[in-house]
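Dear colleague,

I am handing over the structure below, together with some notes on what turned up when I went through it. Please read the notes with the coordinates open beside you.

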Amino acid sequence: MAGRGTVKPHSGFNANNDAEVLYKAMKGFGTDEDAILQLLTARSNAQRQEIKAAYKTLHGKDLVDDLMSELGGKFESLIVTLMTPPIMYEVTCLRDAIKGAGTDEKVLVEILASRSPNEVNQIKSLYKREHNDDLEEDVTGDTGGHFKRMLVVLLQALFVAGEQKYGTDEGQFITILGNRSNAHLRRVFEEYRRLSGYEIEESLQRETSGTLQEVLLAVVKCARSVPGYFADSLYGAMKGAGTDDQTLIRIMVTRSEVDMLDIRAEFRKRFATSLHKMIQGDTSGDYRKAMLLLCGGDDA
């Protein structure tokens with residue numbers, strides 16, 4: 001996936017210079033939001049961490065604390081997310097999803113279904129280090145039934161052929177979807193369609209419901225195309241009345257250095273509009289400006 005992001009490391013990078021630009025943007029009366037968003041969206045996450053360290057050295061203060069005291073609302077949430085190391089951000093999202101009032105299944109599903117086994121393992125060990133809790137235990141303590149079992153399969157990152165059979169159809173879906181590589185799954189879907197005359201998605205919609213259906217469909221979508229899965233999620237976050245800004249921020253930031261160009265292409269293929277136009281119509285102010293910079297262009 002090298003180079004499919006819209007945010008790239010800045011070539012003439014100088015952490016001290018950037019720290020000074022941010023300091024000037026915040027000191028005195030008023031804040032230069034534009035300077036802040038133009039700079040931070042044009043640096044990679046690794047570079048933002050260096051700027052944070054330089055800021056601390058030069059000014060003895062925490063950059064993120066200063067940004068939070070100067071900014072507000074959705075724009076602040078977006079900037080703070082940009083400043084968080086990726087695995088740490090995902091750990092925080094999962095922790096909040098589990099420990100908040102009620103479980104935010106959508107976040108559990110999105111992160112666990114779309115990340116590679118290797119990323120899931122990194123998330124698990126950082127979760128343990130940060131919270132002194134086992135992610136798998138926290139997830140199982142907070143969910144139930146087949147949904148729980150599928151999440152456990154994803155958490156164990158068992159992407160090897162598994163032949164164990166469960167009695168129910170749901171169990172078989174879980175076994176098949178949880179224990180195989182994406183390339184293998186795509187062949188399974190093809191064969192499934194040949195044998196049954198249905199796409200696997202149609203069967204899942206008929207045979208399952210609720211959160212189990214959500215997680216199984218997410219796994220299928222990710223097996224077919226991770227960028228396609230995120231394109232659908234972004235569309236879902238913005239279509240109709242209101243915007244799911246949490247999801248919008250989470251996806252736009254976490255995919256900006258990974259596969260945003262592919263997400264944009266998939267979005268354009270699937271919907272009657274571009275990601276850029278949809279963000280433009282759904283957001284406003286500095287928040288919109290920063291989001292459009294992460295989107296990185298319009299696919300008219």
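**The largest pocket and the end of one helix**

The lining of the largest pocket is made up of eight nonpolar, five polar and three charged residues. Please keep in mind throughout that this is a predicted model. The volume of this largest pocket comes to about 410 Å³, and of the 16 residues that line it, those closest to its centre are Thr81, Tyr89, Cys93, Asp96 and Gln246. Two or more lining residues come from each of α5 (73-82), α6 (86-99) and α16 (245-254), with α6 giving the most, at five residues. Seen by domain, the lining draws at least three residues from each of domain 1 (86-224) and domain 2 (227-295).

The second point concerns helix α12 (residues 182-196), whose 15 residues should span 21 Å at 1.5 Å a residue, which agrees with the 20 Å that separates its end C-alpha atoms. Ser196 lies in this helix, α12, and counts as partly exposed because its relative accessibility is 32%, which falls between the limits of 20% and 50%. A polar atom of the Ser196 side chain lies 2.7 Å from the backbone oxygen of Tyr192, while the backbone nitrogen of Tyr198 lies 3.0 Å from a polar atom of that Ser196 side chain. Just after α12, Gly197 takes a positive phi of about 80°. Finally, Ser196 and Ser125, which are 71 residues apart in sequence, lie 41 Å apart in space, C-alpha to C-alpha.

With best regards

Note on methods. Residues numbered from 1 in each chain as written. Predicted model: local features only at pLDDT ≥ 70, side-chain atom pairs only at ≥ 80, totals over all residues. Heavy atoms only, no water. 1 Å grid on protein atoms, 1.4 Å probe; cavity = no way out; pocket = protein on both sides within 12 Å on 5 of 7 lines; lining within 4 Å. Points joined across faces, edges and corners; volume = space filled by probe spheres on them. Helix = DSSP H or I, 4+ residues; strand = E, 2+ residues; numbered from the N terminus. Nonpolar A, V, L, I, M, F, W, Y, C, P; charged D, E, K, R; others polar. Domains from an automatic or database assignment. Expected span 1.5 Å × (residues − 1). Buried < 20%, exposed > 50% of the residue type's maximum accessible area, 1.4 Å probe, protein only. Polar contact = N/O pair within 3.5 Å; in protein donor to acceptor, adjacent residues only side chain to side chain.
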